[in-house]
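Visitor: Please choose one part of this structure, look at it closely, and then explain how the surroundings are built. I am a first-year student, so kindly explain each term as it comes up.

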Amino acid sequence: YADSEQASVAVARQIAQLIAQRAAEQRPCVLGLATGSTPTRLYEELVRLHREEGVSFRHVVTFNLDEYFPMPPDSLQSYVRFMHEYLFDHLDIPAGQIHIPDGTVPQEQVAEFCRRYEEQIREAGGIDLQILGIGRTGHIGFNEPGSGANSRTRLITLDHITRTDAASDFYGEENVPRRAITMGVGTILEARQVALLAWGEGKAAVVKRMVEGEMTDSVPATYLQKHPNVQVVLDEAAGAELT
Ligand code: F6R
């Protein structure tokens, strides 16, 4: 796309079509969602489609990719707070259909929480469309380098580069949590459809590695090459290094 504006509007339209299609089949639409700067325009457009064009989210079920750990939900940097501010508070989605990894679970219960998160995805019928951003380390969700293709929802240690990139949100790198709960690469690959979004020249090098590089756990996003139904949605700057 010429720019992230046009790209975001196109992805929002695609989500609205998917919701309509699932409604026609009388089945809930299960969306996997990301946070960060990349999907904010997409979420704004979904809110507009709801307000101005009557798109209803009453039968939509959502699963977010990740959350910092530990992280209270009302904290400024919490992904729970982010999702409510940008999206959920402005839609008609029932609260019980929203799932976000819980950054307040006691550490000894995290493994059980992650197992249950995977089970909830399965019980919902699996993810119809997973929205992804990409980190400069090649992470999807918070699957940092070293994450294997079969990894599942779990507690992970964040890469130094990821913590540097988050530093401004936390008023200094020393305040960025060292860990996060994330869906695994294997969890993401089970979605029926994936749309990975990337904007700006800062993502161009990692986009090239993801699309044209060899599949490797040092760039976990390369595992998307195995997925039968994945779109990589780019603005011109993010696609500039593709051959
Ligand atoms: C966020 C997530 C991350 C981000 C990635 C890019 O839920 O899973 O993988 O998508 O770090 O972040 P932004 O969009 O801020 O460049």
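Guide: Let us begin with Glu108, which is exposed because only 7 other C-beta atoms lie within 10 Å of its own. The terms follow a count of the other C-beta atoms within 10 Å, with C-beta atoms placed from the backbone: 20 or more makes a residue buried, 12 or fewer makes it exposed, and anything in between is partly exposed. What you see is a predicted model, in which local features need a pLDDT of at least 70 and side-chain atom pairs count only at pLDDT 80 or more, while totals for chains, interfaces and linings use all residues. Residues are numbered from 1 along each chain, as its sequence is written.

The pLDDT is the predictor's confidence in each residue, on a scale from 0 to 100. Here the chain averages 98, and 100% of the residues score at least 70. For the model, the ipTM is 0.99 and the pTM is 0.98.

Glu108 sits in the loop between strand 4 (98-99) and helix 4 (110-123). Helices and strands are DSSP runs numbered from the N terminus: a helix is a run of H or I with at least four residues, and a strand is a run of E with at least two. From Glu108 to Thr164, the distance is 56 residues in sequence and 28 Å in space, taken from C-alpha to C-alpha.

Strand 4, at one end of this loop, leads us to a sheet. Six strands make up this open sheet, in the order 4-2-1-5-8-9, and their pairing is parallel. Its edge strands, each pairing on one side only, are strand 4 and strand 9 (230-234). Two strands are said to pair if DSSP finds at least two bridges between them. In general, the strands of a sheet pair through backbone hydrogen bonds, either parallel or antiparallel. Within this sheet, strand 1 (residues 29-33) runs parallel to strand 2 (residues 60-64), and five bridges join the two. Val30 has Val61 of strand 2 opposite to it.

Just ahead of strand 1 comes another loop. Gln26 belongs to the loop between helix 1 (4-24) and strand 1. Its phi is near 55°, a positive value in a residue other than glycine. Gln26 is exposed, since 7 other C-beta atoms are found within 10 Å.

There is also an antiparallel sheet to consider. Three strands form this open sheet in the order 3-7-6. Strand 3 and strand 6 are its edges, each pairing on one side only. On average, neighbouring strands of this sheet are turned by 30° against each other, direction ignored; axes are lines fitted to C-alpha atoms, for helices over the stretch in contact, and angles run from 0 to 180 degrees between N-to-C directions. Strand 3 (residues 66-69) pairs with strand 7 (residues 179-182) over four antiparallel bridges, and Asp66 stands opposite Thr182. Strand 6 (residues 154-157) is likewise joined to strand 7 by four bridges in the antiparallel sense, with Thr157 facing Arg179.

Some details flank these strands. The peptide bond between Phe69 and Pro70 is cis, with omega about -10°, and Pro70 lies in the loop between strand 3 and helix 3 (79-86). Tyr171 is in the loop between helix 5 (160-166) and strand 7. Although not a glycine, Tyr171 has a positive phi of about 55°, and this residue is exposed, with 11 other C-beta atoms within 10 Å. Ala166, a residue of helix 5, is partly exposed because 19 other C-beta atoms lie within 10 Å. Its C-alpha atom is 9.5 Å from that of Gln77, although 89 residues separate the two along the chain.

Finally, there are the ligand and the record. The ligand has 14 residues around it, among which Gly36, Ser37, Thr38, Gly133 and Gly135 come nearest; a residue is counted as near if its C-beta atom, placed from the backbone, lies within 6 Å. This shell contains five nonpolar residues, eight polar and one charged. The unreviewed UniProt entry annotates residues 3-227 as "domain: Glucosamine/galactosamine-6-phosphate isomerase". The end C-alpha atoms of that span are 25 Å apart, and the span is 35% helix and 15% strand.

Technical notes:
Ala, Val, Leu, Ile, Met, Phe, Trp, Tyr, Cys and Pro count as nonpolar, Asp, Glu, Lys and Arg as charged, and the others, Gly among them, as polar. UniProt positions are given in the numbering used here, feature names are shortened, and annotations may be inferred rather than shown by experiment.
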